[in-house]
Amino acid sequence: MFMQLKNLEIALYQQLQEHFSLHSFKLLPEYKQFRKDTDIGFQNIIISVTKYDKEIIVEVNIGVRVNLVEDFAQQFLDVPIEYRQHANTIITSIGKLSNTKYLRYKIENEEDVNTCYEAIRDFMQEQGFAFLDYACRLANLDVLLNEKPHKASTHVYNQTHRCFKGIIVAKLNNNPLFFELIDKHQQALEKLKVSEVEIEKYMKLVNFLLYLSLN
């Protein structure tokens with residue numbers, strides 16, 4: 001059964017690879033994702049597969065990395081060095097983007113593989129690729145991370161990182177509410193009950209940004 005499930009997983013990746021390659025996405029098997037390099041970083045489509053006794057469950061996340069944001073953020077975040085170059089600036093599930101909580105695909109046979117492939121393909125065609133292109137623009141990224149700083153973002157999983165990256169994006173985009181966002185993101189961190197060390201790192205980042213010239 002294990003080999004059968006493994007073969008179904010491989011079949012899904014093969015179908016997705018054939019389609020995503022048409023959009024310049026390359027399969028990175030070691031990271032379980034398809035990735036396309038952009039002028040500012042990359043876009044990726046992450047396929048998470050969980051194997052059970054008689055089925056596999058597939059979840060899909062899509063995201064964007066902006067190198068300039070990450071170059072600043074990773075200096076202040078507690079992220080393993082080997083992962084820093086692969087960190088996403090934003091990442092969200094296709095379930096959240098389609099307003100369907102806990103959207104997962106169950107695969108038990110080849111027919112399920114085709115159904116899963118078609119669902120992922122159709123989502124990306126109808127909404128996914130457009131969202132990735134939208135999120136690659138700094139002004140749009142500013143909206144995604146900073147429009148509602150008092151609420152948890154649906155476009156990142158780590159809300160602590162959201163605060164750090166949100167304030168960086170606000171600075172880079174010359175957001176007129178930059179100083180207000182400094183306080184709001186700090187309040188969000190305090191609400192998350194992060195450690196004093198994290199608060200200190202955030203304030204160091206803020207001080208760095210205050211003297212950062214974008215000219």
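## A look at the whole protein and its core

Of this protein's 215 residues, 47% count as buried, meaning under 20% relative accessible area, whereas exposed means over 50% (1.4 Å probe, protein chains only). What you see is a predicted model, where local features need pLDDT of at least 70, side-chain atom pairs count only at pLDDT 80 or more, and totals for chains, interfaces and linings use all residues. Residues are numbered from 1 along each chain as its sequence is written, and side-chain values use heavy atoms, leaving out hydrogens and water.

Here are some overall values:

| Property | Value |
|---|---|
| C-alpha span along the principal axes | about 55 × 35 × 30 Å |
| Exposed area of the protein | about 11,900 Å² |
| Share of that area from carbon and sulfur atoms | 50% |

Those areas come from the Shrake-Rupley method with a 1.4 Å probe; for residues, only the protein chains shown count as cover.

Now for the inside. The largest nonpolar core (buried Ala, Val, Leu, Ile, Met, Phe, Trp, Tyr and Cys residues joined through side-chain atoms within 4.5 Å) has 61 residues, and F20, I45, I62, I90, M124, I167 and I168 touch the most other members. Helix α5, residues 110-135, gives the most to this core, with ten residues. Helices here are DSSP runs of H or I with at least four residues, strands are E runs of at least two, and both are numbered from the N terminus. The protein has nine helices and six strands.

Which residues is I45 in contact with, leaving aside neighbours within four places in sequence? Among them are F20, F25, I62, M124 and F129, where contact means heavy atoms within 4.5 Å.
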